[in-house]
Amino acid sequence: MFWYKEVLPDVYHIEDSLGVCMTLLRGEREALLADAGFGLENVAAFAAELADRPVRLVLTHGHYDHVLGAGWFPEAEIFEEDLPLAREHEKRMWKERALQEAKLRGIDAGTETFSGGRAPVLKKLEEGTIRLGGLSARVIRCPGHTPGSAVLYVPERELLLTGDDWNPCTWLFFPEALPVTAYRENMRKLLALPFRHVLCPHRRALYDRSMLEAFVDGLTDQTLSDAVSVDTGEWLGIRTRQAEPAPEQCIVFDADKWECAPHCRT
Ligand SMILES: [Zn+2]
């Protein structure tokens, strides 16, 4: 079961049954789906029906909760830097993880889960503008959450799709994540874009620019120094710290990847 809402004209934010979101941009000629979700259900059929025109799939990065649904499509585009990650996250172990999550939520995954194990042809995503007819998406390389993270800017709707580079609680502690200072530099560059609205994969809401701005502006050395240790459960061995750059927003990062003053390396 998918939830969806047309948050701006011809912009649909969609949530899959395991709670991860993707975004469909419906142009006059073609539609673009940003991310594919966990893949328990046939997301390609759902997107095709909603779009009523051909759907091109772009993946913002290689994590399993964004790429497993790509199996329902013949092909998907992703930045080259995340190709190895996407191939790893298509493997059985990650599908089992998604199935466990489904079980916890009392969802019967059925037999057609993950399109019967088919994998899409992964093609290299290029920076530049994808024109859909009346609507376009500028593909921007923004390494941070992963080395090949992509952000999409839709000028006609003054909209930014951040991928997992930003959620109100942003995770930057996985082994493939960049150091928080390098991430911060890339996020600051995004603020040069004249967007007014923001969509992210782990919330349904359409946010105002001020939310992301407050987060990025709040990523100061002081805020990072004030970060407290946090237990991320299974990710043992990573010294995770949580900082609050803005009210009700957080970032969890790997303290070992941050060159900071000696007092915060205890
Ligand atoms: Zn991710």
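Visitor: Take contacts between residues at least 6 apart in sequence; what share joins residues at least 24 apart?
Guide: This is a predicted model. Among those contacts in the protein, the share joining residues at least 24 apart is 59%.

Visitor: What radius of gyration does the protein have, and what would a compact globule give?
Guide: The C-alpha trace spans about 55 × 40 × 30 Å along its principal axes. With 266 residues, a compact globule would come near 18 Å. The protein agrees with that, at 18 Å.

Visitor: How much of the protein is buried?
Guide: A residue is buried if 20 or more other C-beta atoms lie within 10 Å of its own. Of the 266 residues, the buried ones make up 43%.

Visitor: Which helix gives the most to the largest nonpolar core?
Guide: The protein has 7 helices and 17 strands. The largest nonpolar core holds 75 residues; Leu-25, Leu-32, Leu-33, Ala-36, Leu-57 and Leu-59 touch the most other members. The helix that gives the most, with 5 residues, spans residues 43-51 and is H1.

Visitor: Which residues does Leu-59 touch, beyond four places in sequence?
Guide: Leu-59 is among the core residues that touch the most other members. Its contacts beyond four places are Asp-35, Ala-36, His-66, Val-67, Ala-70, Ala-76, Glu-77, Ile-78 and Ala-86.

Visitor: Which strands stand at the edges of the sheet of 6 strands, and why?
Guide: The sheet is open, its pairing is mixed, and its order is S8-S9-S10-S11-S13-S14. An edge strand has a single partner, so one of its sides is left without a neighbour in the sheet. That is the case for S8 (128-131) and S14 (207-208).

Visitor: Within that sheet, which residue of S13 stands opposite Leu-161?
Guide: S11 (residues 159-161) and S13 (residues 197-199) run parallel, joined by 3 bridges. Opposite Leu-161 in S13 stands Leu-199.

Visitor: In the open sheet of 4 strands, which residue of S17 stands opposite Trp-171?
Guide: The order here is S12-S17-S16-S15, with mixed pairing. S12 (169-172) is an edge strand, as is S15 (228-229), because each has a single partner strand. S12 runs parallel to S17 (residues 249-254), and 4 bridges join them. In S17, the residue opposite Trp-171 is Val-252.

Visitor: Is Gly-148 buried or exposed?
Guide: Gly-148 sits in the loop between S9 (136-141) and S10 (150-154). It has 24 other C-beta atoms within 10 Å, and the cut-off is 20 or more, so Gly-148 is buried.

Visitor: How far is Gly-148 from Asp-82 in space?
Guide: Beyond four places in sequence, Gly-148 is in contact with His-61, Gly-62, Ile-78, Phe-79, Glu-80, Glu-81 and Asp-82. Gly-148 and Asp-82 are 66 residues apart in sequence. From C-alpha to C-alpha, the distance is 4.6 Å.

Visitor: What span should helix H4 have, and what span separates its end C-alpha atoms?
Guide: H4 covers residues 92-104, and Gly-106, with a positive phi near 70 degrees, follows it. At 1.5 Å a residue, its 13 residues should span 18 Å. The end C-alpha atoms agree, being apart by 18 Å.

Visitor: Which residue in the turn between S1 and S2 has a positive phi?
Guide: S1 (residues 3-8) and S2 (residues 11-15) pair antiparallel over 5 bridges. One bridge sets Trp-3 against Glu-15. The two strands form a hairpin with 2 residues between them. The turn residue with a positive phi, about 60 degrees, is Asp-10.

How values were computed
Residues are numbered from 1 along each chain as its sequence is written. This is a predicted model: local features need pLDDT of at least 70, side-chain atom pairs count only at pLDDT 80 or more; totals for chains, interfaces and linings use all residues. Two strands pair if DSSP finds at least two bridges between them. A nonpolar core is a set of buried Ala, Val, Leu, Ile, Met, Phe, Trp, Tyr and Cys residues joined through C-beta atoms within 7 Å. A residue is buried if 20 or more other C-beta atoms lie within 10 Å of its own, exposed if 12 or fewer, and partly exposed in between; C-beta atoms are placed from the backbone. Two residues are in contact if their C-beta atoms, placed from the backbone, lie within 7 Å. The expected span of a helix is 1.5 Å times one less than its number of residues. The radius of gyration is taken over C-alpha atoms; the globule rule is 2.2 Å times the number of residues to the power 0.38.
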